[in-house]
Amino acid sequence: MKKKLKVCLRIFSLVLLLCVVLITTVIAGDYRRNTPPSPVGVKLVNNAKGVIVTWDKQSDIDGYRIYRREADKRTVELAEIKSATKNTYIDKTAESGLKYSYSVSAYSGKYESKTAEPKVVVHLSMPQIHSIRNGYDGVTVGWSEVKGAKAYNVYRMDGTKPVLLATVKADAPCEYTDKDTLTGKKYTYTVIAVDGRFKSAYQYKTSEKFVAAPQLKSTVNGNGYITVSWGPVFNSDTYRVYRKTAKTDWKLLTTVKADVLSVNDKSVKNGASYTYTVEAAKGVTVSGKNEKGIAGKYVSTPQNISLSNHNDGM
């Protein structure tokens with residue numbers, strides 16, 4: 001009796017094991033048949049709004065799930081896209097200067113694929129170009145500081161092609177002066193924040209027509225005035241002459257036409273020192289001015305002294 005019971009138990013155990021194997025095989029086969037393949041072609045691009053995640057579309061699925069991991073933190077699901085044809089997602093919560101890894105899975109019903117190989121990016125906000133101004137020696141471009149940037153690449157458009165002008169380190173002032181400029185021309189610039197191979201998004205901005213600053217030549221004492229001279233600026237309409245002293249800032253003395261290259265400052269005082277500078281203008285566009293200027297000190301011309309003999313009795 002005991003032997004029969006043992007035999008029955010062995011048979012039952014064997015049948016149970018076979019059932020488990022069969023069920024597992026069926027489930028595994030069902031999972032393999034119904035689980036979509038992992039998405040491929042995942043790419044990350046920094047955008048003005050955040051990080052753009054893209055991947056290749058798949059067919060016969062219900063949608064995708066986007067995952068993100070920040071350094072030393074767990075992976076979190078960012079979004080579920082309930083469409084097989086939409087293959088773009090913008091992470092607007094990414095912070096500038098932080099490194100993230102993104103992965104994408106596809107799902108169909110209750111079946112979800114493994115995530116694609118994670119891709120890594122350092123998010124860098126887009127530098128905002130806040131000024132493009134004519135300077136004394138060129139066009140100066142200024143932009144906003146970007147958290148996490150190691151440097152900034154400054155470009156100028158040459159036709160349809162951006163040409164790298166300079167790389168400005170992150171610890172330097174956020175501006176660059178383009179000295180290779182011509183009066184009467186407009187220039188278009190862009191600035192990209194970089195951290196190694198990672199780059200920010202960018203914007204283009206165009207300057208006003210550039211007007212070069214006049215080259216200051218000389219100050220010469222005259223009879224009751226100081227003559228200020230400067231060199232011509234091609235294609236300018238007028239010149240604006242300024243004066244300052246040790247106690248005053250720049251004040252406009254006069255505006256002259258483009259064919260005039262000197263003025264006489266008759267409002268000078270004997271023994272007083274002055275500094276002069278000149279701007280060139282083309283329409284409403286004005287050049288920068290040499291802030292150092294050119295110095296002049298007025299010393300009045302001695303008057304002729306008449307001498308005569310006096311009879312002093314000698």
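# A tour from a buried serine to the salt bridges

Begin by selecting S236, which is buried, with a relative accessible area of 10%. What you have open is a predicted model, and S236 is found there in the loop between β18 (226-230) and β19 (238-244). Show the side chain of S236 together with that of Y239, and you will find the two joined by a polar contact of 3.4 Å. Leaving aside residues up to four places away in sequence, S236 touches A258, A280 and A281, so these three can be added to the selection as the next step.

Now zoom out to the whole chain. With the cartoon drawn, you are looking at 1 helix and 24 strands. Of the 314 residues in the chain, 39% are buried, and the accessible surface comes to about 19,700 Å², with 53% of it belonging to carbon and sulfur atoms. If you consider the contacts with a separation of 6 or more, 59% of them are between residues 24 or more positions apart.

For the next stop, select V53, W55, Y102, W143 and Y152, which touch the most other members of the largest nonpolar core, a group of 37 residues. Several strands supply at least two residues each to this core, including β2 (50-54), β3 (63-70), β4 (76-81) and β14 (188-195). The strand that gives the most is β6, with 4 residues.

Stay with W55 for a moment and show its surroundings. Not counting residues up to four places away in sequence, W55 touches a list of residues that includes P39, V40, G41 and V42, as well as Y64, I66, I81 and V104. Apart from the largest core lies another core, of 17 residues, and you can locate it by selecting L216, W230, Y239 and V241, which are among its members. Here you meet Y239 again, the residue whose side chain is in polar contact with that of S236.

The last part of the tour concerns charged residues. Side chains of opposite charge can pair when their charged atoms come close. The chain holds 11 salt bridges in total, and three of them are visited below.

Select R65 and E80, whose salt bridge has its closest N and O atoms 3.7 Å apart. Because R65 lies in strand β3 and E80 in strand β4, the pair ties together parts that are 15 residues apart in sequence. Is each partner buried or partly exposed? R65 has 16% relative accessibility and therefore counts as buried, whereas E80, with a relative accessible area of 35%, is partly exposed.

Move on to D195 and K150, whose side chains meet in a salt bridge of 3.6 Å, N to O. This pair links distant parts of the chain, with D195 in strand β14 and K150 in the loop between β10 and β11, 45 residues apart. D195 is buried, with a relative accessible area of 18%, while K150, at 53% relative accessibility, counts as exposed.

Then select K289 and E279, where the side chains meet in a salt bridge of 3.3 Å, N to O. K289 is in the loop between β23 (285-286) and β24 (294-297), and E279 is in strand β22 (residues 273-282), 10 residues apart. Both K289 and E279 are buried.

To finish, return to R65 and E80 and add E112 to the selection, since salt bridges that share partners join R65, E80 and E112 into one network.

Notes. Residues numbered from 1 in each chain as written. Predicted model: local features only at pLDDT ≥ 70, side-chain atom pairs only at ≥ 80, totals over all residues. Heavy atoms only, no water. Core = buried A, V, L, I, M, F, W, Y, C linked by side-chain atoms within 4.5 Å. Buried < 20%, exposed > 50% of the residue type's maximum accessible area, 1.4 Å probe, protein only. Contact = heavy atoms within 4.5 Å. Areas by Shrake-Rupley, 256 points an atom, 1.4 Å probe, with all protein chains shown as cover. Polar contact = N/O pair within 3.5 Å; in protein donor to acceptor, adjacent residues only side chain to side chain. Salt bridge = Lys/Arg side-chain N within 4 Å of Asp/Glu carboxyl O.
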